[in-house]
Amino acid sequence: MISLRRIVTVLVMVYLLLALLFAVTGGARDAMMSIFNSRPDEFWFTMMLIGAGLLLLLLLVENAHTVALRRNVTHYEAKINELKAKLYDHQLEQRDQSWRTGGTSTPRPAEPVVTPQTAAPQPQAAPGSIARTTMPPVRPLEEGYDQDLPRTTVPPPSAADLPPSAVPPTTIHPHPTNTPPYPNDRPAV
């Protein structure tokens, strides 16, 4: 289906080609003036009026097309907002239902299956090379894990200037077991 916008655009292009033809070739211009029995000034005035009318028609059709497109966009944006509101309301209902039942509304994924790992063969050192050492395994965190760690005493830099109640403790040991781990603690394996 050909729209009015395309028809008007084609008419304007045909008019521009005819005007260019009349301006460039005198024979075509003289033939056209003799067909309509007009003088050159009347001919160009008529061409100017036709061109102005076509440009005005093109302007009106383009503006009407733009208004129609904006109306469609506004309609679709309103529809999208309505669907978003429905989705949001549905999500709130799902949350309320899951809070009332005390569970989640989506099933949890199955626990991954852990396969036992076989010990990788240790590479043999070349004759005459320096043997590499490995780090000892990290001990798991458990009750009393700080029993065998050495305790160091570090005096505060200006303990003599502070009152006894403001002197920080000088024994450094790991954090108590009932508090979360510090960021710099070793990870439990």
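How many salt bridges does the structure hold? The structure holds 4 salt bridges. This is a predicted model, and the points below should be read with that in mind.

1. Arg 39 and its partners. The side chain of Arg 39 meets that of Asp 41 in a salt bridge, with 3.3 Å from N to O. Arg 39 also meets Glu 42 through the side chains, and here the N to O distance is 3.5 Å. As for cover, Arg 39 is partly exposed at 49% relative accessibility. Asp 41 counts as partly exposed too, at 46%, and Glu 42 is partly exposed at 35%.

2. Lys 86 and Glu 82. Another of the salt bridges is formed by the side chains of Lys 86 and Glu 82, at 3.7 Å from N to O. Both residues lie in helix 3, and because they are 4 residues apart there, about one helical turn separates them. Are Lys 86 and Glu 82 exposed or buried? Lys 86 has a relative accessibility of 51% and counts as exposed; the cut-off for that class is over 50%. Glu 82, at 46%, counts as partly exposed. Returning to the bridges of point 1, shared partners join Arg 39, Asp 41 and Glu 42 into one network.

3. Aromatic pairs. A search of the whole structure finds 2 aromatic pairs. One of them is formed by Phe 22 and Phe 43, with the ring centres 5.3 Å apart and 70° between the planes, an edge-to-face arrangement. Which parts of the chain does this pair link? Phe 22 sits in helix 1 (residues 4–24) and Phe 43 in helix 3 (residues 40–101), so the contact joins distant parts of the chain, 21 residues apart.

4. Cover over the rings. Phe 22 is buried, with a relative accessible area of 4%. Phe 43 is likewise buried, at 6%. The ring of Phe 43 also pairs with that of Trp 44: the centres are 5.2 Å apart and the planes stand at 70°, so this pair is edge-to-face. The cut-off that decides the class is a plane angle over 60 degrees. Trp 44 is partly exposed, at 34% relative accessibility.

5. The ring cluster. Which residues do the ring pairs link into a cluster? The cluster consists of Phe 22, Phe 43 and Trp 44. Within this cluster, Phe 22 is buried and Phe 43 is buried, whereas Trp 44 is partly exposed.

6. A nonpolar patch. Ile 2, Leu 4, Ile 7 and Leu 11 make a nonpolar patch of about 400 Å² on the surface. Leu 11, one of these residues, is placed in helix 1. At 42% relative accessibility, Leu 11 counts as partly exposed. Phe 22 of the aromatic pair is in helix 1 as well, but Phe 22 is buried at 4%.

Conventions
Residues numbered from 1 in each chain as written. Predicted model: local features only at pLDDT ≥ 70, side-chain atom pairs only at ≥ 80, totals over all residues. Heavy atoms only, no water. Phe/Tyr/Trp six-rings, centres within 6.5 Å; stacked < 30°, edge-to-face > 60°. Helix = DSSP H or I, 4+ residues; strand = E, 2+ residues; numbered from the N terminus. Buried < 20%, exposed > 50% of the residue type's maximum accessible area, 1.4 Å probe, protein only. Patch = residues over 30% accessible without salt bridge, like charges linked within 9 Å, V, L, I, M, F, W, Y side chains within 5 Å. Areas by Shrake-Rupley, 256 points an atom, 1.4 Å probe, with all protein chains shown as cover.
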